[in-house]
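Please take a moment with the sequence and the structure shown below, and then follow the paragraphs from one part of the chain to another.

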Amino acid sequence: MTIACLVLGMAGSGKTTLVQRLASHLSSKDECTYLVNLDPAVTQVPYEPNVDIRDTLNYKDVQVEFQLGPNGAILTALNLFATRIDQLVELLESREEQVDTFVVDTPGQVEVFTWSSSGSIIAESIASSFPTVLLYVVDTPRATKPLTFVSNMIYACSIMYRMQLPLVVVWNKKDLVSTEFAQRWLSDFDTFDEAMQQLEGDYSSNLARSMALAMEEFYRVVSCCSISAVTGEGMDELWSGIQTAANEFATFRKHKKQSATSEETTTTNDKTDSPVPETTSRQRIWNKVQGSTEDIDHTSMEFYNQTRNSNSVGSRTENSSFSCPDKEKEEYEALLQQFQTKCSSNFASE
Ligand SMILES: Nc1nc2c(ncn2[C@@H]2O[C@H](COP(=O)(O)OP(=O)(O)OP(=O)(O)O)[C@@H](O)[C@H]2O)c(=O)[nH]1
């Protein structure tokens with residue numbers, strides 16, 4: 001089974017270092033990894049990505065062209081890239097036979113995955129072809145502050161429920177600080193409450209307490225793992241956590257399918273036994289894109305239109321030029337047309 005891991009987390013938590021560590025750890029077990037960098041603003045990566053968003057999009061150009069600040073440009077670059085996610089998925093599918101694990105590095109702008117559509121589209125598109133696990137990396141030394149701890153957990157929780165994919169919280173940098181406190185705070189509210197007492201009377205401490213109580217269910221179910229991406233400590237446990245989560249993927253999918261089916265049943269009523277039509281992965285992805293247009297905007301679609309014939313998802317080690325038979329192209333154009341119409345009506349209604 002080829003697994004896909006999406007590595008997410010706040011800036012500086014150690015995502016890129018973990019991608020490199022995971023690749024070398026798996027390579028020592030004769031497992032083949034395929035690395036995708038989706039951080040358009042990173043200047044250097046300590047691994048050789050097989051696919052790199054920087055080959056498709058120049059983040060500085062995005063910043064200048066759309067007059068954006070650094071964060072806006074990263075978000076827009078991901079939106080632009082999401083319009084080509086089908087190409088990336090096709091590329092990954094073509095490598096499935098040779099590859100054991102796809103590892104996707106993402107930017108520290110975690111809002112891409114908490115509220116932007118492009119994060120959902122990217123995750124959902126990959127998950128439509130491979131069992132997919134989210135690795136939420138935490139900078140543990142920073143999370144020793146109770147407020148930072150809770151805010152990290154809120155992000156992790158919202159990503160897990162938004163994506164409906166199995167998630168492992170990776171407590172990173174254990175070479176710098178013991179991660180035991182995190183395990184205690186997750187399993188016993190009183191110990192967290194004691195830590196909060198130092199901030200007694202502060203408005204934010206009351207809020208953090210309430211949030212921690214509200215999050216108890218998430219704390220109970222979430223998988224955790226302590227590692228050091230620098231020293232490699234804990235990597236065996238992480239790998240077994242990833243495999244367990246990948247096996248849970250089917251359960252997550254089943255729930256999602258069931259809720260989709262029950263929604264469909266309430267609308268179509270008498271069509272429950274009719275066979276589900278076969279769809280190509282490209283169609284499935286575009287169906288998803290069509291359902292998530294709130295911030296894949298006109299600019300992104302213009303970019304797609306301008307470049308789709310001349311360019312393709314960038315890749316340093318792959319020849320990934322995009323070509324498709326005319327019939328498929330027609331289908332694709334029709335889907336694109338629908339998508340653009342939907343974008344226009346969304347904008348018109350704002
Ligand atoms: N001591 C220690 N340092 C680490 C560990 N993991 C990462 N770092 C350091 O933390 C810093 C940030 O690491 P990155 O891997 O670039 O973090 P990132 O999450 O990819 O950062 P962004 O790309 O900004 O989102 C670097 O200086 C790393 O060397 C770890 O396990 N232990």
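Asp30 has its place in the loop between helix H1 (15–27) and strand S2 (33–37), in what is a predicted model. The phi of this residue is near 60 degrees, a positive value in a residue other than glycine. Most residues other than glycine have a negative phi. Asp30 counts as exposed, because its relative accessibility is 74% and the cut-off for that word is over 50%. Gln164 also has a positive phi, of about 55 degrees, although it is not a glycine, and its place is in the loop between H8 and strand S6 (167–172). With a relative accessible area of 34%, Gln164 is partly exposed.

These two loops belong to a chain that has 16 helices and seven strands. Of its 350 residues, 50% count as buried. If one takes the contacts in the chain with a separation of 6 or more, 80% of them are accounted for by residues 24 or more positions apart.

One helix can be followed from end to end as an example. Helix H3 (residues 70–82) has 13 residues, which at 1.5 Å a residue should span 18 Å, and its end C-alpha atoms are indeed 18 Å apart, so the expectation and the model agree. Ten of the 13 residues of H3 are buried, and therefore this helix is largely enclosed by the rest of the structure. Among the buried residues of H3 are Ala73, Ile74, Leu75 and Phe81.

The interior can be approached through its nonpolar cores. In soluble globular proteins, nonpolar side chains tend to be buried together. The largest nonpolar core here has 67 residues, and those that touch the most other members are Phe149, Met153, Ile159, Leu167, Trp171 and Phe218. Phe149, if residues up to four places away in sequence are not counted, touches Ala143, Trp171, Phe181, Ala182, Trp185, Leu186, Phe192 and Tyr219. A second, separate core of 27 residues includes Leu18, Val19, Tyr47 and Val170.

How many aromatic pairs does the structure hold? There are nine of them. In one, Phe102 and Phe130 form a tilted pair, with 4.8 Å from centre to centre and 55 degrees between the planes. This pair links distant parts of the chain, since Phe102 lies in strand S4 (residues 101–105) and Phe130 in the loop between helix H6 (117–127) and strand S5 (132–139), 28 residues apart. Both Phe102 and Phe130 are buried. Another tilted pair is formed by Phe149 and Phe192, whose rings are 5.8 Å apart centre to centre with 40 degrees between the planes. Here too distant parts of the chain are linked, with Phe149 in helix H8 (residues 146–163) and Phe192 in helix H10 (residues 189–196), 43 residues apart. Phe149 is buried, with a relative accessible area of 0%, and Phe192 is buried as well, at 1%. Ring pairs also link these two residues with Trp171, Phe181, Trp185, Phe189 and Tyr219 into a cluster.

Helix H10 also holds Met196, which is buried, with a relative accessible area of 0%. Leaving aside its neighbours within four places in sequence, Met196 is in contact with Pro146, Leu147, Ser205, Ala208 and Arg209. Met196 and Val36, by contrast, are 160 residues apart in sequence and 39 Å apart in space, from C-alpha to C-alpha. Thr114, found in helix H5 (residues 111–114), is buried because its relative accessible area of 15% falls under the 20% cut-off. Beyond its neighbours within four places in sequence, Thr114 is in contact with Tyr155, Ser158, Ile159 and Arg162, and one of these, Ile159, was named above among the residues that touch the most other members of the largest core.

The last stop is the ligand, which 17 residues surround, the closest being Lys15, Thr16, Thr17, Asp175 and Ala229. A polar side-chain atom of Lys15 lies 2.7 Å from an oxygen atom of the ligand, and a polar side-chain atom of Ser228 lies 3.2 Å from a ligand oxygen atom. For Gly108, a backbone N or O atom is found 3.4 Å from an oxygen atom of the ligand.

Notes
Residues are numbered from 1 along each chain as its sequence is written. This is a predicted model: local features need pLDDT of at least 70, side-chain atom pairs count only at pLDDT 80 or more; totals for chains, interfaces and linings use all residues. Side-chain values use heavy atoms; hydrogens and water are left out. Rings of Phe, Tyr and Trp (its six-membered ring) pair if their centres lie within 6.5 Å; planes under 30 degrees apart count as stacked, over 60 as edge-to-face and the rest as tilted. Helices (H or I, at least four residues) and strands (E, at least two) are DSSP runs, numbered from the N terminus. Buried means under 20% relative accessible area, exposed over 50%, partly exposed in between (1.4 Å probe, protein chains only). The expected span of a helix is 1.5 Å times one less than its number of residues. A nonpolar core is a set of buried Ala, Val, Leu, Ile, Met, Phe, Trp, Tyr and Cys residues joined through side-chain atoms within 4.5 Å. Contact means heavy atoms within 4.5 Å. A residue is near a molecule or strand if one of its heavy atoms lies within 4 Å of it. A polar contact is a pair of N or O atoms within 3.5 Å; within protein, one must be able to donate a hydrogen and the other to accept it, and residues adjacent in sequence count only if both atoms are side-chain atoms.
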